[in-house]
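Let's work through a few exercises on reading a fold, one step at a time. Keep the picture open while you try each one.

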Amino acid sequence: METSIEITNDGKIYCNGIKEDSVNGFLILFAMYAQEDDYNYIRMNEGMVQPQKKNIVISFGIELYPTDFFIKNVLSSMDFEVTKKFIADIYGL
């Protein structure tokens with residue numbers, strides 16, 4: 001099954017089918033340790049991450065399995081390091 005983790009420009013996090021604590025744990029690890037080469041990172045123009053939801057600035061495309069999930073891609077309207085900092089700021093890291 002495919003789903004996503006989406007983050008709005010004001011830091012709200014939306015996910016479907018993944019437990020909130022798993023999402024929070026993943027995002028904290030991403031903010032602290034992610035390297036651009038580890039992800040299929042795609043830099044988008046502002047408003048184009050989710051054209052039907054213009055306030056979404058980061059979207060993680062996810063393949064969801066019964067006990068795990070796999071990140072297919074990361075779409076962001078920000079550079080990779082800015083994306084990491086934006087997520088870190090959400091969690092006060």
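**Exercise 1.** Work out the strand order of the open sheet, and find which strands stand at the edges.

*Solution.* Bear in mind that this is a predicted model. Start with the order: the open sheet has 5 strands, arranged 2-1-4-5-3, and the pairing is mixed. Now look at the two ends of that order. Strand 2 (13–15) and strand 3 (41–43) are the edge strands, and each has a single partner strand, so one side of each has no neighbour in the sheet. As you step from one strand to the next, the twist averages 20°.

**Exercise 2.** Sort out how strand 4 pairs with strand 1 and with strand 5: parallel or antiparallel?

*Solution.* Take strand 1 to begin with. Strand 1 and strand 4 run antiparallel and are joined by 7 bridges. For a concrete pair, pick Thr 3: its bridge partner in strand 4 is Ile 62. Next, go to strand 5. Strand 4 pairs with strand 5 in the antiparallel sense, over 7 bridges. Here you can use Phe 60, whose bridge partner in strand 5 is Val 74. The link between strand 4 and strand 5 is a hairpin through 4 residues.

**Exercise 3.** Find the sense in which strand 3 pairs with strand 5, and then see how helix 2 sits on the sheet.

*Solution.* Strand 3 and strand 5 (residues 69–76) are paired in the parallel sense, with 3 bridges. One bridge to look for goes from Tyr 41 to Val 74 in strand 5. Now add helix 2 (residues 80–90), which packs on the sheet and touches strand 1, strand 2, strand 3, strand 4 and strand 5. The direction of helix 2 makes about 90° with that of strand 4.

**Exercise 4.** Place helix 1 on the sheet and decide how covered strand 4 is.

*Solution.* Helix 1 (residues 20–33) lies across strand 1 (2–8), strand 2, strand 4 (56–64) and strand 5. Compare directions and you get about 65° between helix 1 and strand 1. As for strand 4, 8 of its 9 residues are buried, which makes it mostly covered.

**Exercise 5.** Is Met 32 buried, partly exposed or exposed, and which surface patch does it belong to?

*Solution.* First, locate Met 32: it lies in helix 1. Then check its relative accessibility, which is 42%, so Met 32 counts as partly exposed. Finally, look around it on the surface. Met 32 forms a nonpolar patch with Leu 29, Tyr 33 and Leu 93, and together they have about 440 Å² of accessible area.

Notes. Residues numbered from 1 in each chain as written. Predicted model: local features only at pLDDT ≥ 70, side-chain atom pairs only at ≥ 80, totals over all residues. Heavy atoms only, no water. Pairing = 2+ DSSP bridges. Helix = DSSP H or I, 4+ residues; strand = E, 2+ residues; numbered from the N terminus. Axes fitted to C-alpha atoms, helices over the stretch in contact; angles between N-to-C directions. Contact = heavy atoms within 4.5 Å. Buried < 20%, exposed > 50% of the residue type's maximum accessible area, 1.4 Å probe, protein only. Patch = residues over 30% accessible without salt bridge, like charges linked within 9 Å, V, L, I, M, F, W, Y side chains within 5 Å. Areas by Shrake-Rupley, 256 points an atom, 1.4 Å probe, with all protein chains shown as cover. Salt bridge = Lys/Arg side-chain N within 4 Å of Asp/Glu carboxyl O.
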